[in-house]
Amino acid sequence: MFIEALNAYIDPIKPVDKAIITHAHADHAKPNHNKVLATKDTINIMKIRYGENCAKKFQAIEYGEKININGLGITLYPAGHILGSAQVLLENKKNKVLITGDYKTKSDDTAQSFELVKTETLITEATFGLPIFKHPEPAEEIEKLLSSIKLFTNKCHIVGAYALGKAQRVISLLRKKGYDDIIYLHGAIEKITNYYLQRGIKLGKLKKVTKDDVHNLKGKIVIAPPSALKDKWVRKFPDVRYCLASGWMIIKQRVKQSKIELPLVISDHADWNELTNTILNSKAKKIWLTHGRTDALEYWCKKNNLNAMALYLKRDD
Ligand SMILES: [Zn+2]
Ligand SMILES: [Zn+2]
């Protein structure tokens with residue numbers, strides 16, 4: 001997304017001169033930009049993932065702090081998606097445009113809470129933009145994992161969860177339910193989790209899983225990136241129950257086609273109800289849809305007398 005007045009891009013997929021980054025997920029935050037404007041957390045996580053010098057210059061701004069460039073006000077608001085994630089509000093005397101980035105409105109102890117922003121034009125994500133996508137309460141999904149541990153006492157429960165955001169949220173949800181046993185981590189999750197700990201997010205007793213551990217993990221929980229459930233790493237464990245925490249687990253067909261035995265529908269994106277409520281509550285008159293399933297949402301907007309249009313992403317290939 002290019003902003004002409006700023007000569008800047010939001011979440012550009014290639015290195016650019018000026019980038020505003022909504023959050024540190026790999027499809028939004030790329031290395032090697034010249035200047036990066038983002039929240040402190042996003043910048044810190046980018047540095048952990050890509051190295052200290054992954055951009056020439058960084059400018060961190062606080063949530064709610066407005067800066068002015070070329071007559072345009074820029075303010076970041078919490079998006080509730082992961083730690084440091086932001087919505088971007090651009091405004092001048094005539095207009096207000098809010099770009100949500102990835103967001104969710106459901107509570108999450110590992111991210112700053114989503115803030116509703118009134119705007120004239122809303123550019124919203126649409127990852128789960130179909131009425132069939134109604135996510136259950138995460139606490140209920142975590143209950144399924146805890147029941148499974150009680151039932152399959154001989155199995156090591158390996159839970160696939162994205163290394164940034166989802167992994168820490170799953171751990172936090174387990175702790176909230178009173179689970180106080182050690183939670184084991186795949187090496188790829190350790191660094192980012194340490195950052196969350198450093199930021200004061202309570203995750204209880206954690207341990208990086210080692211070769212010596214694999215035979216002593218009956219009835220224990222290991223958190224690993226989803227890709228690790230498919231590679232040879234997982235074969236070291238003798239008796240595994242495969243679990244995956246993802247919004248996509250709501251699609252039964254996806255579960256069937258995978259080796260996942262325990263799907264946990266835990267999403268860091270807004271579901272249909274959150275999307276439509278946010279559109280209504282933002283009071284926006286113009287809705288631009290991007291990043292996902294736009295058709296049904298476009299239809300819904302038009303039925304509600306809102307001016308809506310789908311944006312198309314330029315692909316890297
Ligand atoms: Zn994201
Ligand atoms: Zn995304």
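In this predicted model, strand β12 (residues 183-185) and strand β13 run parallel and are joined by three bridges. Both strands belong to an open sheet of six strands, in which the pairing is parallel. A second open sheet has seven strands, and its pairing is mixed. The protein chain is divided into two domains, and the points below treat each sheet, a pair of packed helices and the contact between the domains.

**The six-stranded sheet**

- Across the pairing of β12 with β13, residue L185 stands opposite K208, which lies in β13.
- The order of the strands in this sheet is β13-β12-β14-β11-β15-β16.
- The edge strands are β13 (206-208) and β16 (262-264), and each of them pairs on one side only.
- From one strand to the next, the twist averages 25 degrees.
- Helix α3 (residues 166-176) packs on this sheet, where it touches β11 (156-160), β12, β14 (221-224) and β15 (240-245).
- The direction of α3 makes about 160 degrees with that of β14.

**The seven-stranded sheet: order and edges**

- The strands of this open sheet follow the order β6-β7-β8-β9-β10-β17-β18.
- Strands β6 (67-69) and β18 (307-310) stand at the edges; each has a single partner strand, so one side of each is left without a neighbour in the sheet.
- On average, neighbouring strands of this sheet are turned by 25 degrees against each other, direction ignored.

**The seven-stranded sheet: pairing from β6 to β8**

- Strand β6 and strand β7 (residues 72-78) run antiparallel and are joined by three bridges.
- Within this pairing, I69 stands opposite L72 in β7.
- The two strands β6 and β7 form a hairpin with two residues between them.
- Residue N70 lies in the turn of this hairpin and has a positive phi of about 50 degrees.
- Strand β7 is also joined to strand β8 (residues 86-91), by six bridges, and these two strands run antiparallel.
- The bridge partner of G73 is E91, a residue of β8.

**The seven-stranded sheet: β17, β18 and the packed helices**

- Strand β17 (residues 286-292) pairs with β18 in the parallel sense, over four bridges.
- Residue K286 has N307, in β18, as its bridge partner.
- Helix α6 (residues 272-281) packs on the sheet and touches β10 (121-126) and β17.
- The direction of α6 makes about 175 degrees with that of β10.
- Helix α7 (residues 295-303) also packs on the sheet, touching β10, β17 and β18.
- The direction of α7 makes about 165 degrees with that of β18.

**A pair of packed helices**

- Two packed helices are described by the angle between their axes and the distance between the axes.
- Helix α1 (residues 40-50) and helix α4 (residues 187-198) pack at an angle of about 155 degrees, and their axes are 10 Å apart.
- Angles over 145 degrees count as roughly antiparallel, so α1 is roughly antiparallel to α4.
- The crossing of these two helices, α1 and α4, is right-handed.
- Residues N44, I45 and I48 in α1 meet K191, I192 and Y195 in α4.
- The residues of this contact between α1 and α4 divide into four nonpolar, one polar and one charged.

**The two domains**

- Domain 1 covers residues 2-132 + 269-310, and domain 2 covers residues 138-264.
- The centres of domain 1 and domain 2, taken over C-alpha atoms, are separated by 29 Å.
- Domain 1 gives 12 residues to the contact between the domains, and domain 2 gives 12 residues.
- On the side of domain 1 that touches domain 2, the residues divide into six nonpolar, four polar and two charged.

Technical notes
Residues are numbered from 1 along each chain as its sequence is written. Chains are lettered from A and ligands numbered from 1 in the order in which they are written. This is a predicted model: local features need pLDDT of at least 70, side-chain atom pairs count only at pLDDT 80 or more; totals for chains, interfaces and linings use all residues. Two strands pair if DSSP finds at least two bridges between them. Axes are lines fitted to C-alpha atoms, for helices over the stretch in contact, and angles run from 0 to 180 degrees between N-to-C directions. Two residues are in contact if their C-beta atoms, placed from the backbone, lie within 7 Å. Domain bounds come from an automatic or database domain assignment. Ala, Val, Leu, Ile, Met, Phe, Trp, Tyr, Cys and Pro count as nonpolar, Asp, Glu, Lys and Arg as charged, and the others, Gly among them, as polar. Angles under 35 degrees count as roughly parallel, over 145 as roughly antiparallel, 65 to 115 as roughly perpendicular and the rest as oblique. A crossing is left-handed if the near helix is turned anticlockwise from the far one by less than a right angle, and right-handed if clockwise.
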